[in-house]
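Trainee: I've got a model open and I'd like to go through it with you. Can we start?

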Amino acid sequence: MAGNETRLRITQVCSAIGRHVKQKRTLKALGIQRMNHTVEHTGSPQILGMIKKVEHLVTVENVA
């Protein structure tokens with residue numbers, strides 16, 4: 001991990017039932033498997049783009 005990359009804690013807070021397939025695949029690509037499941041990722045542009053696509057389904061926190 002580079003010195004200035006931030007760590008993000010991503011938690012799914014809304015159900016993916018009835019959502020578009022692309023949104024479900026984005027959650028799976030982030031490693032989120034179910035409601036209230038939390039994963040940590042670095043704040044890379046790819047991860048930030050995925051979060052933007054499903055921001056209505058997840059909460060994001062910065063990890064110190």
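Trainee: Is Thr26 buried or exposed?
Mentor: Before that, a caveat: this is a predicted model, where local features need pLDDT of at least 70, side-chain atom pairs count only at pLDDT 80 or more, and totals for chains, interfaces and linings use all residues. Numbering runs from 1 along each chain as its sequence is written, and side-chain values use heavy atoms, with hydrogens and water left out. Now, buried means under 20% relative accessible area, exposed over 50%, and partly exposed in between (1.4 Å probe, protein chains only). Thr26 comes out at 14% relative accessibility, so Thr26 counts as buried.

Trainee: Which residues is Thr26 in contact with, leaving aside its neighbours within four places in sequence?
Mentor: Thr26 sits in helix α1, residues 21-30; helices here are DSSP runs of H or I with at least four residues, strands are E runs of at least two, and both are numbered from the N terminus. Contact means heavy atoms within 4.5 Å. With those sequence neighbours set aside, the partners of Thr26 are Met50 and Val54.

Trainee: In what order do the elements of the chain run from the N terminus on?
Mentor: There are two helices and three strands to place. Reading from the N terminus, the order is β-α-β-α-β.

Trainee: How many bridges are there between β1 and β3?
Mentor: Two strands pair if DSSP finds at least two bridges between them. β1 (residues 7-12) pairs with β2 (residues 38-42) in the antiparallel sense over five bridges; there, Arg9 is opposite Glu40 and Thr11 is opposite Thr38. β1 also pairs with β3 (residues 58-63), again antiparallel, with Leu8 bridged to Asn62. For β1 and β3 the bridge count is six.

Trainee: Which residues make up the covered face of β2?
Mentor: In a regular strand, side chains alternate between the two faces of the sheet. In β2, Thr38, Glu40 and Thr42 are on the uncovered face. The covered face has Val39 and His41.

Trainee: What share of the 64 residues of the chain count as buried?
Mentor: Let's apply the cut-off we used for Thr26 to the whole chain. Of the 64 residues, the buried share is 30%.

Trainee: What is the radius of gyration of the chain?
Mentor: That radius is taken over C-alpha atoms, and the globule rule is 2.2 Å times the number of residues to the power 0.38. The rule gives 11 Å for 64 residues, and the chain's value is close to that, so the chain is as compact as a globular protein of that length. The radius of gyration is 12 Å.
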